[in-house]
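Biologist: I'm new to this structure and would love a close look at one part of it. Could you pick a spot, tell me how it sits, and then walk me outwards from there?

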Amino acid sequence: MCGIVGIVGRPGENVVGKIISGLEKLEYRGYDSAGLAVVHDGYIDVLRAVGKLQNLKTKQEGSKIYGNIGIGHTRWATHGKPTENNAHPIRSGSVAVVHNGIVENYKGLRFDLQKDGYVFETDTDTEVIAHLLQRKIAQGCSPRDALRSVQEIIEGSYALAAIFMTFPDTMVAARYRSPLVIGFGEDICVGSDIGAIASIACSEVAYLEDGECAEIIGNEVSFFDASFQPISPKRQKISPGFVSTGKGEYAHHMLKEIMEQPSAIRRTILSNKPDGRMFDGVSRILIVACGTSYYASMVAKYWFEKFLKIPTDVEIASEYRYRSPFIEENVLAIAVTQSGETIDTLEAMEYIRKNSNSRVAAIANVRNSAISRIADFVFYTEAGPEVGVASTKAFTAQLTILASMAFSRHEFLINKLRNLPSICEEILDLQYLVKDLAEKICFADSAIYLGRGSLYPIALEGALKLKEISYIHAEGFAAGEMKHGPIALIDDDMPVICLCPSGELFDKTASNIQVALARGKNVVIFTDPYGRKHLPQEVTKIILPEIIEEFAPILYVIPLQLLAYYVALLRGTDVDKPRNLAKSVTVE
Ligand code: F6R
């Protein structure tokens, strides 16, 4: 979380506008506060504002801040409340620093620095970095040596960039366990992702790996590895796809991304044709993922076990490595992630690497992300940049790849997958029915989602979408599990949203719905023409097209995304940037 950007511009250039453009692209990483600092005429000027980037922009418009070298930050608070005082850049004397990550040993370092007379003005862990750099600079070190000593002392994760009053043409940057790239264009840039530096007219990029750092002086960049030996990382062209196209005709990125699902699925099918032979000799599949990506992986378990006949374990990445699991021979591991940067998933992969000889595949949306770079092989979801914090099109694209893997030995299903985009379009045409439904739900304090089989993870995902963007408490349950406890929650006011497509489990789910109906009045069913005929007449139903049962998870999630969207709209929340969240979760 947190986004950082740095620009070393040409002499006389004012880089403030470019820093703000870069931060606009990084706001998905956190929006508790934003700030920037620039060096000019031997001074460092800092501007910071609590809340969204717009507040910083407003302040900047009323200021005369300028400089040809500067850093910027958009924050997702970890240490210290989201106040202006805790906003980055953080200063110490002649140094200003921006940081993404967590300094795990900051308490001890803070104590030592305080003993040395350093006064702490923020509650952040980052302030120790600023003081440590300043102490070294005051002792006569160069920025590069000061950075090196900081890297040797701090523990935890960091992507950081620092500027110096006494070295007005120098910026240093380093990373460990948090993403950082260096961009080359008319200026030299530093950024948490390629989108940010592409927006600052960079055409090429070099990735910093763990422990590596860079020193930028004017338009010269020197790179060093974790042992501080000079290196020359490969420079790669930035493809135009990294530049997000904005909201277009839509009110929100999320709605645009929901609507883009037919094309995202189409592109994903066309560019991924998993070969069934990848499962030859595999005796177990192990999937690690978080959040929405975890729910996509749960669906895959149903598919893999049914169609590949390979036992499949799906693990919450943040839990996995801490129980020291044993990994047997012949396991194929798969990390599923939209951002490719989620630290929990990355660490789970590292654990698998260290403790087994398993091949590790990744399903990722962001090209060249940390996870895709360490995987043995990668399947890219072709969803395009996903800006809305709540994941939508990346989820259905993940499901599409997972389905292509599961059906890789079943030609009939693979051929039928090609019909998915047009069925998605039909479902999106029902958005006005879902909009009406949102009015029945938007005043609820809580909601229940029910599904069976591979629709159970979709019930979980539907509930997560509602929670994230409307702030209504929602729970997904396996429909058959209700009677074991959660049914006590049902009363006339509780919305119970049921997923009941025709197929093997239809009658079972229909019985569970009857049980819910006997206890509550606010039951809604997503079903198909068969369900219209065979489910109770008096209940609100949204009728989706008849589809092959196996594809239901990919399609039934779409109206649930729309439902969450329209409920959030009615409740007036910030749909694209819901409170407390960030798109890329790079802290544990
Ligand atoms: C919810 C959502 C999150 C992410 C999770 C993992 O809408 O987006 O739950 O799915 O943080 O992120 P990735 O997929 O980037 O690893």
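**Starting from one loop**

Modeller: Let's start at D275, which has a relative accessibility of 36% and therefore counts as partly exposed. That label fits because buried is kept for values under 20% and exposed for values over 50%. Bear in mind that this is a predicted model. D275 belongs to the loop that runs between helix α8 and strand β16, the latter covering residues 284-289. Its side chain has a partner close along the chain: a polar contact of 2.6 Å links the side chains of D275 and R277. For a sense of scale, try finding G480 as well. Between D275 and G480 there are 35 Å from C-alpha to C-alpha, with a separation of 205 residues in sequence.

Now step back from that loop into the helix before it. Helix α8 spans residues 261-271, and its buried residues are Q261, P262, A264, I265, T268 and I269. Why do they lie on the same side of α8? Their arc around the helix axis is only 165°, which means they share one side. And what covers them? Several helices contribute, including α7 (253-259), α13 (393-406), α14 (411-417), α15 (420-428) and α20 (552-571).

It helps to have the overall layout in mind here. The protein is split into domain 1 (3-242), domain 2 (251-418) and domain 3 (427-588). Taken over C-alpha atoms, the centres of domain 2 and domain 3 are 24 Å apart. These two domains meet each other through 44 residues of domain 2 and 38 residues of domain 3.

Next, the ligand. It is surrounded by 14 residues, and the closest of them are S293, T337, Q338, S339 and T342. If you zoom in on its oxygen atoms, you can pick out some short distances. One is 2.7 Å, from a ligand oxygen to an N or O atom in the side chain of T337. Q338 takes part through its backbone instead, with a polar backbone atom 2.7 Å from an oxygen of the ligand. K465 uses its side chain, where a polar atom lies 2.9 Å from a ligand oxygen. Of the 410 Å² that the ligand would expose on its own, the protein buries 89%.

T342 deserves a look of its own. You'll find it in the loop between β18 (331-337) and α11 (343-355). With a relative accessible area of 13%, T342 falls on the buried side. Its side chain forms a polar contact of 3.3 Å with the side chain of S339. Apart from neighbours within four places in sequence, T342 is in contact with C290, T337, I371 and V585.

While you have the model open, swing round to two more buried residues. T126 is in the loop between α3 (106-115) and α4 (127-138), and its relative accessible area of 1% makes it buried. The side chains of T126 and H99 are joined by a polar contact of 2.8 Å. Setting aside neighbours within four places in sequence, the contacts of T126 are H88, I90, V97 and H99. H88 brings us to a backbone detail: its peptide bond to P89 is cis, with omega at about -5°. P89 is placed in the loop between β4 (69-75) and β5 (90-92).

The other one is V172, which is part of strand β8, residues 170-176. V172 is buried, at 1% relative accessibility. Its C-alpha atom is 4.5 Å from that of E215, although the two are 43 residues apart along the chain. Beyond neighbours within four places in sequence, V172 touches a list of residues that includes P143, R144, L147, L160, F164 and A214, as well as E215.

To finish, here are two backbone oddities. K309 is not a glycine, and still its phi is positive, near 60°. The loop between α9 (291-308) and β17 (312-316) is where K309 lies, and at 65% relative accessibility it is exposed. N580 also has a positive phi without being a glycine, in this case about 70°. Look for N580 in the segment after α20; it counts as exposed, at 56% relative accessibility.

Technical notes:
Residues numbered from 1 in each chain as written. Predicted model: local features only at pLDDT ≥ 70, side-chain atom pairs only at ≥ 80, totals over all residues. Heavy atoms only, no water. Buried < 20%, exposed > 50% of the residue type's maximum accessible area, 1.4 Å probe, protein only. Helix = DSSP H or I, 4+ residues; strand = E, 2+ residues; numbered from the N terminus. Arc of directions from axis to C-beta. Contact = heavy atoms within 4.5 Å. Near = heavy atom within 4 Å. Polar contact = N/O pair within 3.5 Å; in protein donor to acceptor, adjacent residues only side chain to side chain. Areas by Shrake-Rupley, 256 points an atom, 1.4 Å probe, with all protein chains shown as cover. Domains from an automatic or database assignment.
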